[in-house]
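Work through the exercises below with the sequence and the model open. Each task is followed by its solution in steps.

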Amino acid sequence: MLRWTHLDDVPADLGPTVATLGNFDGVHRGHRAVLATVTDLARERGLRPVAVTFDPHPVAVLHPERAPEEIVGLEHRLALLEEAGLEGVVVIEFTREYAQLTPEDFVVQTFVEGLRSQVVVVGQDTRFGLHNSGDIATMQELGQAHGFEVVVQGTVGELEEGQRAWSSTALRGALAEGDIPTATDILDRLHRVSGEVVHGHHRGRELGYPTANLAPDSEGLVPADGVYAGWLERPGLAADHPDRRLPAAISVGTNPTFDDVVRRTVEAYVLDRTDLDLYGETVWVDFVERLRGNVKFESIEALMEQMGADVDRARALLAR
């Protein structure tokens, strides 16, 4: 997939496109419905499927006090967009100056001049331009004025209980509750946190459960505190390497039994393995199911007994 950081970087010979725009935070099933429309139309009409996204998130620039934490990091987001079938993505640096573009200036610069779009696909809640004053009606008017078709993706993806749509807001809510099955359903894949393995307090090793501790700058929204079953994946190894993807019990939180841990951590114990040296390696931690919340234990012995039970539950769950 081609990646551009400025519209001027888009090659003149790219050809006409089907384009869409959005933050695509999480690239969940709602996003992928829009992306599927983009790729289907591009295939039918012999056009190039592309998208426009922003980094950082516009809310982080305009209203940092209420900016949402990213569900996935930029590199993971781009990889997911490529998996969805896009051939190119423009990653626009969002600044306060950029936010001053009127809806028409944004559309002309982006879709008319930059991407030479014949079709623009938008979701029903799409907003763009100064003060988010552009909406679907605005896009349709500009399409008529500038010669491109606008396709509106309808509402999709109510969950079975009918309470939450496939949205980034619903996904954040599920992760905040530790509701991994709901998050998995919205994503249609396992939720992932990735980062470099760094040294921690080494308590897990001392207790017989050595853990891979992720660095504080790891990417991906960390779910609610607790213990989870999941997978640790090592992207630096070949896809068919036996140690590429490993079953794990994952701890999230501040380890309340030990009072000297002040920040939330993500640490993964690879089941039944004490021989791995992962320090300095970038790993992916995928969450399958929450086993329990965090508890402050009265003794190390009680903690170790519970850790053994957690590992047994994780092993049985992942074996299924």
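## Exercise 1: Val285 and the cores

Leaving out residues up to four places away in sequence, Val285 touches His191, Arg192, Val193, Leu214, Trp231, Ile250 and Ala268. The model is predicted.

Task: state which residues of the largest nonpolar core touch the most other members, and which elements supply the core.

Solution.
1. The largest nonpolar core has 31 residues. Those touching the most other members are Leu171, Tyr228, Leu232, Ile250, Val285 and Phe287.
2. Two or more residues of this core come from each of helices H6 and H7 (180-187) and strands S7 (191-198), S8 (212-214), S9 (226-233), S10 (245-253), S11 (265-270) and S12 (282-292).
3. Another core lies apart from this one. It has 28 residues, including Trp4, Val10, Ala99 and Val107.

## Exercise 2: The whole chain

Task: describe the protein by its elements, its extent and its share of buried residues.

Solution.
1. The protein has nine helices and twelve strands.
2. The C-alpha trace spans about 75 × 40 × 40 Å along its principal axes.
3. Of the 320 residues, 50% are buried.
4. Take the contacts with a separation of 6 or more: 72% of them join residues 24 or more positions apart.

## Exercise 3: Helix H1

Task: find the buried residues of H1 and the elements they pack against.

Solution.
1. H1 covers residues 29-45, which is 17 residues. From first C-alpha to last, H1 reaches 24 Å, close to the 24 Å expected at 1.5 Å a residue.
2. Gly30, His31, Val34, Leu35, Thr37, Val38, Thr39, Leu41 and Ala42 are the buried residues of H1.
3. Their packing partners among the strands are S2 (17-21), S3 (48-55), S5 (117-123) and S6 (149-153). The helices they pack against are H3 (74-83) and H6 (168-176).
4. After H1 comes Gly46, with a positive phi near 70°.

## Exercise 4: Phe106 and Leu101

Task: place Phe106 and Leu101, decide whether each is buried or exposed, and list their contacts.

Solution.
1. Phe106 is in helix H4 (residues 103-114), while Leu101 is in the loop between strand S4 (88-93) and H4.
2. Buried means under 20% relative accessible area. Phe106 has 3%, so Phe106 is buried. Leu101 has 17%, so Leu101 is buried.
3. Neighbours within four places in sequence are set aside. Phe106 is then in contact with Leu21, Phe54, Tyr98, Leu101, Phe111 and Phe128. On the same terms, the contacts of Leu101 are Phe106, Gln109, Gly129 and Leu130.
4. The C-alpha atoms of Phe106 and Gly129 are 6.1 Å apart, with their positions 23 residues apart along the chain. For Leu101 and Phe128, 27 residues apart in sequence, the C-alpha separation is 9.1 Å.
5. The buried residues of H4, one of which is Phe106, pack against S2, S3, S5 and helix H5 (136-146).

## Exercise 5: Pocket and cavity

Task: give the volume and the lining of the largest pocket and of the largest cavity.

Solution.
1. Rolling a probe the size of a water molecule over the atoms shows where empty space is left.
2. The largest pocket has a volume of about 1,300 Å³. Its lining has 45 residues, with Gly22, Asn23, Asp125, Thr126 and Arg127 nearest the centre.
3. That lining consists of 18 nonpolar, 21 polar and six charged residues.
4. There is one cavity of 30 Å³ or more. The largest cavity has a volume of about 60 Å³.
5. Asn23, Asp25, Phe54, His57, Glu70 and Arg77 line the largest cavity; one is nonpolar, two are polar and three are charged.

## Exercise 6: Backbone angles

Task: examine the phi of Phe24 and of Asp272, and the peptide bond from Asp55 to Pro56.

Solution.
1. Most residues other than glycine have a negative phi, and most peptide bonds are trans.
2. Phe24, in the loop between S2 and H1, has a positive phi near 50°. Its relative accessibility is 4%, so Phe24 counts as buried.
3. Asp272, in the loop between S11 and S12, has a positive phi near 65°. At 52% relative accessibility, Asp272 counts as exposed.
4. The bond from Asp55 to Pro56 is cis, with omega near 0°. Pro56 sits in the loop between S3 and H2.

Notes:
Residues are numbered from 1 along each chain as its sequence is written. This is a predicted model: local features need pLDDT of at least 70, side-chain atom pairs count only at pLDDT 80 or more; totals for chains, interfaces and linings use all residues. Side-chain values use heavy atoms; hydrogens and water are left out. Helices (H or I, at least four residues) and strands (E, at least two) are DSSP runs, numbered from the N terminus. The expected span of a helix is 1.5 Å times one less than its number of residues. Buried means under 20% relative accessible area, exposed over 50%, partly exposed in between (1.4 Å probe, protein chains only). Contact means heavy atoms within 4.5 Å. On a 1 Å grid over the protein atoms alone, a cavity is a set of points where a 1.4 Å probe fits but cannot get out, and a pocket is an open set with protein on both sides within 12 Å along at least five of seven lines; lining residues have an atom within 4 Å of a point. Grid points are joined across faces, edges and corners, and a volume is the space filled by probe spheres set on the points. Ala, Val, Leu, Ile, Met, Phe, Trp, Tyr, Cys and Pro count as nonpolar, Asp, Glu, Lys and Arg as charged, and the others, Gly among them, as polar. A nonpolar core is a set of buried Ala, Val, Leu, Ile, Met, Phe, Trp, Tyr and Cys residues joined through side-chain atoms within 4.5 Å.
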